[in-house]
Amino acid sequence: MRITPEVVERVARLSRLELTEEERATFASQLSSILEYFARLDRLRTEGVEPTSHAIRVTNVFRPDEVTPSLPVEAVVAMAPQAHEGFVVVPRVLEAEE
Amino acid sequence: MRELVGRPYHEIRPRLGKDLSVRELVDAYLENIARLDGQVRAYLTVSADQARAQARELDDRLARGEPLPPLAGVPVAVKDNLCTRGVRTTCGSRILEPFVPPYDATAVQRLREAGAVLLGKTNLDEFAMGSSTENSGFFATRNPWRLDHVPGGSSGGSAAAVAAGEALAALGSDTGGSIRQPASLCGVVGLKPTYGRVSRYGLVAFASSLDQIGPLSLDVRDCALVLQAICGRDPHDSTSVDLPVPDFVASLEAGVRGVRVGVPAEFFGEGLQPEVRQAVLEAVRVLEGLGARVEEVALPTLEYALPTYYLIACAEASSNLARYDGVAYGYRSPRAHDLYTLYARTRAEGFGPEVKRRIMLGTFALSEGYYEGFYKKAQQVRTLVRRDFDRCFQTVDVLATPTSPVAGFRLGERTADPLQMYLADVYTIPVNLAGLPGISVPCGFVEGLPVGLQLVGRPFEEATVLRVAYAYEQATEWHRHRCPLLRA
């Protein structure tokens with residue numbers, strides 16, 4: 001499977017990764033050869049085979065709807081790269097109205 | 001105090017509170033870290049002050065005549081993808097370099113409750129993605145047996161720490177072999193429990209349908225002791241199962257008479273180093289000599305397990321790692337001017353090349369037009385792999401295979417070719433796909449590098465795996481060897 005730098009760029013955007021020109025070229029060639037190796041899966045017939053998402057069967061796990069202590073807000077906000085009066089600071093999300 | 005280091009805990013324990021204090025034991029390990037870690041580089045963070053404080057507290061409890069908890073005074077190292085309250089947890093990544101968790105992972109908390117003393121956090125391939133610890137965002141760890149060789153990965157720091165006497169036991173995580181493969185390369189014991197046996201709460205998620213936490217230790221008895229402490233249901237992890245946890249130590253000595261050991265021919269084919277093959281087959285003969293019944297079994301899907309694993313693991317990783325966005329914790333790019341560049345530049349600067357490669361591979365496999373052909377196909381093949389194991393376990397109790405196809409490789413030898421690196425886990429990966437318990441125990445040497453025997457059991461039959469491993473270990477001397485660095 002041939003992965004072009006254009007496909008790499010599209011996938012990088014979906015992945016929220018800014019790539020350099022050089023990274024785009026390297027990933028294009030590496031992902032191509034990895035996917036080429038992975039193509040051996042096509043040799044296996046899998047029609048009608050159930051997909052496995054987990055090795056053990058996990059169904060809904062419930063607990064009583066009771067309030068339990070959680071981490072203090074200060075401890076959580078203290079981890080943020082930038083915070084102000086108990087809030088996490090991020091760049092402006094909405095355009096300012098003129 | 002050098003004589004204390006590199007001895008299994010079950011030999012040390014009877015002396016605690018008599019001619020030996022926890023403080024002395026912990027100090028001996030801290031001194032050995034100071035002596036050797038400049039060369040081995042197993043640790044990202046050494047928490048010496050906290051360790052000494054914890055040791056003092058345990059000594060006080062002993063002095064008051066309180067009973068010894070099961071892991072009293074065990075100096076442990078914890079892989080740096082497990083959250084430790086107040087101790088930085090980087091996951092081997094620049095993106096988490098400033099992260100100090102406000103809570104302990106359940107496995108860490110259970111170790112502490114059992115009396116273990118946390119020495120520090122060990123190096124790993126960034127986000128546990130790799131087989132050599134060379135993908136760490138900080139530095140490469142070295143194999144204590146031969147410093148120009150890799151320790152394996154991704155729990156390479158934990159394995160090297162135990163092998164070099166820089167920790168008596170350690171925790172690692174295993175998504176495709178990341179406990180067993182470095183255990184094999186460093187000549188220590190490493191066990192991946194059944195999926196669901198150990199809570200992953202506080203483990204930085206890589207591939208959630210595959211990740212498990214498990215112990216690394218000097219021998220099988222210590223392995224059973226540590227495993228005992230960390231197993232069991234945890235309301236914080238809905239995939240941790242509510243099954244009784246047997247007494248793993250009690251059943252160790254039951255022997256292997258009549259135990260049926262399966263040898264899958266596919267694990268002894270092309271790509272296996274001849275000396276490794278010889279050592280593992282010799283180990284099987286030892287088990288046979290102890291009364292086990294050996295028979296050949298078939299796992300024809302082995303050659304499909306590797307691509308299946310990488311598609312599933314990368315797809316899950318691409319989703320799990322979406323949370324590293326520079327907003328609430330960890331690194332944030334100073335070059336961001338809007339929300340998109342905040343995400344894209346934080347991630348570009350914070351992640352290393354292998355993590356980017358896997359996020360890209362996973363995003364691709366999940367993207368429109370490719371999902372059916374790649375991701376869904378992989379999940380279907382996963383079913384076939386599991387069926388292969390189910391079929392084997394109808395006629396045998398454990399499988400015996402090599403842990404790693406080669407005894408080891410040099411630093412830098414495989415970094416240029418990602419696919420070559422992926423092949424390092426070819427024998428451990430199928431076990432994760434099927435969620436089974438597996439252990440690696442030392443079974444020989446090739447040119448001064450240890451070789452590992454992998455034993456795999458039915459789901460939740462860790463006790464059987466440990467018992468067979470123990471019988472083998474006790475019949476041989478491999479687990480008593482220590483690396484020249486530690487003996488010097």
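So, chain B: in this predicted model, chain B has 16 helices and 11 strands. Its radius of gyration is 21 Å, close to the 23 Å that the globule rule gives for 488 residues, so chain B is as compact as a globular protein of that length. If you like to think in boxes, the C-alpha atoms of chain B fill one of roughly 65 × 55 × 45 Å along the principal axes.

Now a look inside the chain. Of the 488 residues in chain B, 67% are buried. And if you take the contacts in chain B with a separation of 6 or more, 76% of them are between residues 24 or more positions apart.

Right, on to the partner. How many residues does each chain bring to the contact? Chain B gives 67 residues and chain A gives 52. Between them they bury about 5,300 Å², and carbon and sulfur atoms supply 70% of that area. On the chain B side, please find B:Y304, B:Y340 and B:M360 on your screens: these lose the most area to chain A, together 13% of what that side buries.

What about the polar side of things? We get 21 residue pairs in polar contact between chain B and chain A, and 5 salt bridges across the interface. One to look at joins the side chains of B:R345 and A:E18, with N to O at 2.9 Å.

And which elements of chain B touch chain A with two or more residues? They are α9 (302-320), α10 (339-350), α11 (353-366), α12 (372-395) and α13 (418-422). The largest share, 11 residues, comes from α12(B). By residue type, the chain B side that touches chain A divides into 38 nonpolar, 15 polar and 14 charged. Thanks, everyone!

Notes: Residues are numbered from 1 along each chain as its sequence is written. Chains are lettered from A and ligands numbered from 1 in the order in which they are written. This is a predicted model: local features need pLDDT of at least 70, side-chain atom pairs count only at pLDDT 80 or more; totals for chains, interfaces and linings use all residues. Side-chain values use heavy atoms; hydrogens and water are left out. Contact means heavy atoms within 4.5 Å. Buried area is the accessible area (1.4 Å probe) that two parts lose on being put together, summed over both. A salt bridge is a side-chain nitrogen of Lys or Arg within 4 Å of a carboxyl oxygen of Asp or Glu. A polar contact is a pair of N or O atoms within 3.5 Å; within protein, one must be able to donate a hydrogen and the other to accept it, and residues adjacent in sequence count only if both atoms are side-chain atoms. Helices (H or I, at least four residues) and strands (E, at least two) are DSSP runs, numbered from the N terminus. Ala, Val, Leu, Ile, Met, Phe, Trp, Tyr, Cys and Pro count as nonpolar, Asp, Glu, Lys and Arg as charged, and the others, Gly among them, as polar. The radius of gyration is taken over C-alpha atoms; the globule rule is 2.2 Å times the number of residues to the power 0.38. Buried means under 20% relative accessible area, exposed over 50%, partly exposed in between (1.4 Å probe, protein chains only).
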